[in-house]
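Work through the exercises below with the model open beside you. Try each task before reading its solution.

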Amino acid sequence: MADPSDSDSVKQQAQAQLSVGKYKEAIELYKKLLQVSDDGEWHEKLAYCYVQQALTLAEKGMIKEALGLWENHRQYAQAPYAAYDQYIIWLILSKNKASIQENIRQLSVQQLDKESPALAAILGLLALTEYPELALDLPQDSAFIAHLQLVKTALQAYQDNNRIKLGEALKQLPYRSAFRDLRTILNALIALPDSVEKAQELLAKIPTHSAYSSFAQVLLVSTFEGAELAKNLVELNHEQRNITSNIKGFNKTQLEFMAHLTRQHENLSDKVKFNIAVQYQSLCGIEFAKNYCQQILASYSAGQKDFKKSFGAVDEFEENRLKALLCERVNNSYDAEYHWRLCIKVLITQNTTENGLKIALILRHLSEQEKPAEKTDVLIESLQYDAEDRDIYLQILSYYQQAEAAKDYKVWLSKALEKFPQDTDVLMQAVQEATRNKTDKKASQYATKILKIDPLNTFAKQTLFASHLASARRLMREKFYHLVEKEIVLADALNIGKASVKQTQLMRALLCFASEDKEQGLQLIVDALAKLHTDPFSMYFHASMATLSAGLPVDIILSALPSANDYLLSEDEFTQFMQLLEQFMYEADNNEQSRGALDEIKAPLKKALTEQGFAESIFLSLCKILEKLEHFELLRHCAKLAFSQWEKPIWMYYRVYANNDGKPEDCSFREVMSLKYYHEQAMQDKDFQTGMMLEKLLDRYYQVHPQRKKGFLEDLFAINSEEKKLDRMEVLFAHIPDEVLMKLNTSIESLSKNTSVEQAVTDLMQTADNKKNIMQAMMQDPDLFSALMVVKAADEQGINIDVSIEGVLECFDVGKNTGSFPFS
């Protein structure tokens, strides 16, 4: 007698194998258990495993093995058998006609009509094609047999071209019929040739697992033409391609082409494609084949000899076009532009109307390789040849907006409006520009025009809404209270949404406070703000902004709100606050109102920035707004925090801009050097927008200090007695060769990035005990710092310039009045 513990172990192993789908292993284990005990559970599990393993093998195409396993499972199970429909399908695939007939005779009406739709569809196809006699072995009282007769009627009607009778027969087939996919195919055939798109749509609905999918695929491919036909034909098998070729009525040359393409389609190199086009040019036309081969020559230069032989010599335009494309393939943009320009020259010489668009397209292609400023110049040039491309105008406007070139932006906006007066995208640009310039009336006019074109345009509605509220605040400030309510009514009439209703409620509360009952109005203001915001910070800011712009007493209204000083904003709340800030920035009559409102909440604002670890994008968005508002205190705080975390060019821009209160002409020497260094880094990183911003600061600096525009050492030795004390620099460094000066110049600009006056003193004079005096001397004469930087750069590069620190200090008379300097 077997040990029960062994049986338990085998049972556990069998269950484990079954649970992970290892049916073959589980079968062997359950057989062992049956040898120990003829338990009904083992019979059931063993039968299940046989069926599942059979299904697994069938999916791999091992039909013969699947049949054997399924037949084994019947030893351990009773009818009705699991996966019986699949078993019959495998018999059909194995073409065992005797077994097929034997088993389909056992099918019930329930199985045929409801339980085995896949098998029924296959049997229907066989009954209509290879084995019509199968129908005699099926239940004659089934819906299947009735539907089979309808389909036969429909097919005969199609053959007789009797569309009415065909349509009537198909209408009688229900959706769940075993012949539903055939009905779809017949409906597609009815649609042809009048409606190819409808036929394609119907044929595409046939699922890949359908018994009729192969036929549907052949019919679908036969509806295609040209490249689409060729692309799909090569994916068909030999038999399917032959059927499709017959349907399409291919001639001998077309059949040869398809055979050639089918053999080569997995290895379609440029050479193969070129040769096929040359060989079969009669199929697509000589001109088409010539153009196609010309395009391939850009990557298959070896074909030029064969091209000339087949189509003649390439003209000057094509020759340069091919050379340009070849240069681009090896990233030689300089020579590529040269050849493209020659192409343009040829097109201009030809002086035909259609060449204008070609020239414009070449120029726009060239612009893609340029930096933003140069790209914009090329795009503007392209408009001389094709002035109808609206997107080019929008790209130009986008560049001038980012570059903050207000004058150029205004010129091109005017041109775009003149060219596309009814284009909503251009009109929205006009609205935004008017809003930035705080010309509410003009913004409203453009927004009204947009709504006439697109009555549901949300942007235009929001613009008008903001304009009405801005007018209401201005009228309230001027104490025209009877007109305020009219503006609020007009704003409500736009019916933008719940948020707008809350804003007009706040405006009515402010009106009540200003003109009716201050106590009631104050309570209404508090209630309205509570509906607009969930955090006290935003409530406080919104209240400050609303009351300042309406000319109401800020302190009284803020005193009724909960304090925001100790509130710590989350990132989501901070993002919402910035949206509110930006909204008010454009709606306010001047930036002073926005700055005043920010001053009321700057303490919790700084706290959130310092403690919450916001994403870099948050800092960047805030700095952009603060820059426009010219709130330099908060901008300094934000930029300093950001630079300490992400040492990128953009943060140096904001640091320098804020530290000098928006006046780059006041930059220190070290700041100028930092701007240069980070400008170069931005351009290397292809961050062209930041590069332009940094370059703009440098340009403004050099406009005021033109004598300092040279390199660092060139600057030191510039001949200008009013600006420089040349004698000391000449004495110290005039003997240094030019090539050494160039090396030092590069090194000094790099050192300036991280070297402060304090650090220079510490690094260069570690043994000095009178650093304070040296520091004071540097502050009084910046040339001393510059001279010491030259010495430091030479020391770090190991270059002997015969100038010591002692010599520099002696030359600048440092230490003479305070005792001897401890370097001797």
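Four exercises on this predicted model follow, each with a worked solution.

**Exercise 1.** Place Ser142 in the fold, decide whether Ser142 is buried or exposed, and find what its side chain reaches.

*Solution.*
- Step 1: locate the residue. Ser142 sits in the loop that runs between helix 8 (117–128) and helix 9 (143–159).
- Step 2: check accessibility. The relative accessible area of Ser142 is 4%. The cut-off for buried is under 20%, so Ser142 is buried.
- Step 3: look for a polar partner. The side chain of Ser142 reaches the backbone oxygen of Pro139 at 2.7 Å.
- Step 4: list the contacts, leaving out residues up to four places away in sequence. Ser142 touches Val109, Leu112 and Asp113.

**Exercise 2.** Describe the surroundings of Ile185 in helix 11.

*Solution.*
- Step 1: locate the residue. Helix 11 spans residues 180–191, and Ile185 belongs to this helix.
- Step 2: check accessibility. Ile185 has 0% relative accessibility and therefore counts as buried.
- Step 3: take a backbone distance. Ile185 and Leu202 are 17 residues apart along the chain, and their C-alpha atoms are separated by 7.2 Å.
- Step 4: list the contacts, again without residues up to four places away in sequence. Ile185 touches Leu203, Ile206, Tyr212, Phe215, Ala216 and Leu219.

**Exercise 3.** Characterise the second largest pocket: its volume, its lining and the helix that gives the most to that lining.

*Solution.*
- Step 1: state the volume. The second largest pocket holds about 770 Å³ of space.
- Step 2: find the centre. The lining has 24 residues, and the closest to the pocket centre are Gly226, Ala227, Ala230, Phe257 and Cys284.
- Step 3: assign the elements. Two or more lining residues come from each of helix 14 (226–233), helix 16 (252–264), helix 17 (270–279), helix 18 (281–284) and helix 19 (286–297).
- Step 4: pick the main contributor. Helix 14 gives the most, with 6 residues.
- Step 5: sort by chemistry. The lining divides into 18 nonpolar, 2 polar and 4 charged residues.

**Exercise 4.** How many disulfides does the whole structure hold, and which cysteine sulfur is nearest to that of Cys623?

*Solution.*
- Step 1: search the whole structure. The search finds 0 disulfides.
- Step 2: test Cys623. Its nearest cysteine sulfur belongs to Cys638, 3.4 Å away. A disulfide needs the sulfur atoms within 2.5 Å, and Cys623 is in no disulfide.
- Step 3: check accessibility. Cys623 is buried because its relative accessible area is 0%. Cys811 has 18% relative accessibility, so Cys811 also counts as buried.

Conventions
Residues are numbered from 1 along each chain as its sequence is written. This is a predicted model: local features need pLDDT of at least 70, side-chain atom pairs count only at pLDDT 80 or more; totals for chains, interfaces and linings use all residues. Side-chain values use heavy atoms; hydrogens and water are left out. Helices (H or I, at least four residues) and strands (E, at least two) are DSSP runs, numbered from the N terminus. Buried means under 20% relative accessible area, exposed over 50%, partly exposed in between (1.4 Å probe, protein chains only). A polar contact is a pair of N or O atoms within 3.5 Å; within protein, one must be able to donate a hydrogen and the other to accept it, and residues adjacent in sequence count only if both atoms are side-chain atoms. Contact means heavy atoms within 4.5 Å. On a 1 Å grid over the protein atoms alone, a cavity is a set of points where a 1.4 Å probe fits but cannot get out, and a pocket is an open set with protein on both sides within 12 Å along at least five of seven lines; lining residues have an atom within 4 Å of a point. Grid points are joined across faces, edges and corners, and a volume is the space filled by probe spheres set on the points. Ala, Val, Leu, Ile, Met, Phe, Trp, Tyr, Cys and Pro count as nonpolar, Asp, Glu, Lys and Arg as charged, and the others, Gly among them, as polar.
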